[in-house]
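Colleague: Could you take me on a close look at one part of this model, the strand at its start and whatever packs around it? I'd love a connected walk through the neighbourhood rather than a list.

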Amino acid sequence: MSNIQKAFENKKAFIPFITCGDPDMETTEKAVRAMVANGADLIELGIPFSDPTAEGPVIQEANIRALSAGTTTDKVFDLVRRLRKDITVPFVFMTYVNVVFSYGAQRFIATCRETGVDGIILPDLPYEEKEDFLPICKQYGVDLISLIAPTSDHRIAMIAKDADGFIYLVSSLGVTGVRNEIKSDLTSIVKVIRENTDIPCAIGFGISTPEQAGAMSAIADGAIVGSAIIKILAEYGQDAPKHIGDYVRAMKAACNKNI
């Protein structure tokens, strides 16, 4: 069992996302520690990129702030090294193919292993092109996380059968961002996933309230939240970690309310 799958053992997982370096690395480190202290089961660390095509305005602006503050991939790896001195919850990177290519795929994934990053999510990597990275990920024991969307249709079973770590089920069409309502028929998608793999499945995109987190966790194995956390960062800046901790605690409780 991978370290990532341990995050789902006997519970529903709450998975917060944060853009590293927004507004600075010190705040990111404090925010991650607050997430862990308040029950986060797995944390998505975003490596900022100038053209984050899967992201809505909130996380796009976080990327711009982080890059403007001088955030680099090497600085993010250094952050992980510091966090790994005392934090054991799984970490996955959320970034883009160009970030990995420009760093060098072999070097990037080897450094993930060395620093303690358990998986990577590349939303602009089509399933059909995953072989560009998968053999290297297998070599170093880093899970390449698969995404399934409402439009995946007949490809759902195929993607699920090959999945590692956990499956990221995209709740809605479009980009990330807070949504008042999630209308996709996620139950039927999860049913197909369950029929083809034992890998856990977590739902992301659009989740922001405890009610939504509870509903999504009832369908799947956990909930992923990004934009709502980035909004807290944008509002409170360097004072955000405490508020993020309070938010994570409420969301985690909602995820596990019906267990």
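Modeller: Happy to! Please keep in mind that this is a predicted model. A good place to begin is the largest nonpolar core, which has 92 residues, and the members that touch the most others are Phe 93, Phe 108, Ile 120 and Phe 166. The element that gives the most to this core is helix H12 (residues 240-255), with 6 residues. Take Phe 108 as an example of how these residues are surrounded: beyond its neighbours within four places in sequence, Phe 108 is in contact with Ile 47, Thr 73, Phe 77, Phe 93, Thr 95, Val 100, Tyr 103 and Ile 120.

Now to the strand you asked about. Strand S1 covers residues 13-19, and 7 of its 7 residues are buried. Both of its faces are covered: one side carries Ala 13, Ile 15, Phe 17 and Thr 19, while Phe 14, Pro 16 and Ile 18 lie on the other. S1 has strand partners too. With strand S8 (residues 222-225), S1 pairs in the parallel sense over 4 bridges, and here Ile 15 stands opposite Ile 224. With strand S2 (residues 43-46), S1 also runs parallel, joined by 3 bridges, and Thr 19 faces Gly 46 there as its opposite number. To get from S1 to S2 the chain passes through helix H2 (residues 25-37), making a right-handed β-α-β crossover.

Let's stay with H2 for a moment. Its end C-alpha atoms are 18 Å apart, which agrees with the 18 Å that its 13 residues should span at 1.5 Å a residue. The buried residues in H2 are Met 25, Thr 27, Thr 28, Glu 29, Ala 31, Val 32, Ala 34 and Met 35. S1 and S2 are among the elements that cover them, as are H4, strand S3 (91-94), H11 and H12.

That brings us back to H12, the helix that gives the most to the core. For H12, 16 residues at 1.5 Å each should span 22 Å, and the end C-alpha atoms are 22 Å apart, in agreement. Its buried residues are Ala 240, Pro 241, Ile 244, Gly 245, Tyr 247, Val 248, Met 251, Lys 252, Ala 254 and Cys 255. Their cover includes S1 and H2, along with helix H10 (210-219), S8 and helix H11 (227-236). So S1 is part of what covers the buried residues of H2 and part of what covers those of H12.

Since you work at the bench, you may wonder about the cysteines. The structure holds 0 disulfides. Cys 112 is in none, as the nearest cysteine sulfur, in Cys 137, is 7.7 Å away; Cys 112 is also buried, with a relative accessible area of 0%. For Cys 201, the closest cysteine sulfur belongs to Cys 255 at 13 Å, too far for a bond. Cys 201 is buried as well, at 0% relative accessible area. Cys 255 is itself one of the buried residues of H12.

For a contrast with all that buried material, look at Thr 72, in the loop between helix H3 (57-68) and helix H4 (73-83). Thr 72 counts as partly exposed because its relative accessibility is 36%. Its C-alpha atom is separated by 12 Å from that of Ser 50, and the two residues are 22 residues apart along the chain.

Note on methods:
Residues numbered from 1 in each chain as written. Predicted model: local features only at pLDDT ≥ 70, side-chain atom pairs only at ≥ 80, totals over all residues. Heavy atoms only, no water. Core = buried A, V, L, I, M, F, W, Y, C linked by side-chain atoms within 4.5 Å. Buried < 20%, exposed > 50% of the residue type's maximum accessible area, 1.4 Å probe, protein only. Helix = DSSP H or I, 4+ residues; strand = E, 2+ residues; numbered from the N terminus. Contact = heavy atoms within 4.5 Å. Disulfide = S-S within 2.5 Å. Pairing = 2+ DSSP bridges. Right-handed = clockwise from strand over helix to strand, strands pointing away. Expected span 1.5 Å × (residues − 1).
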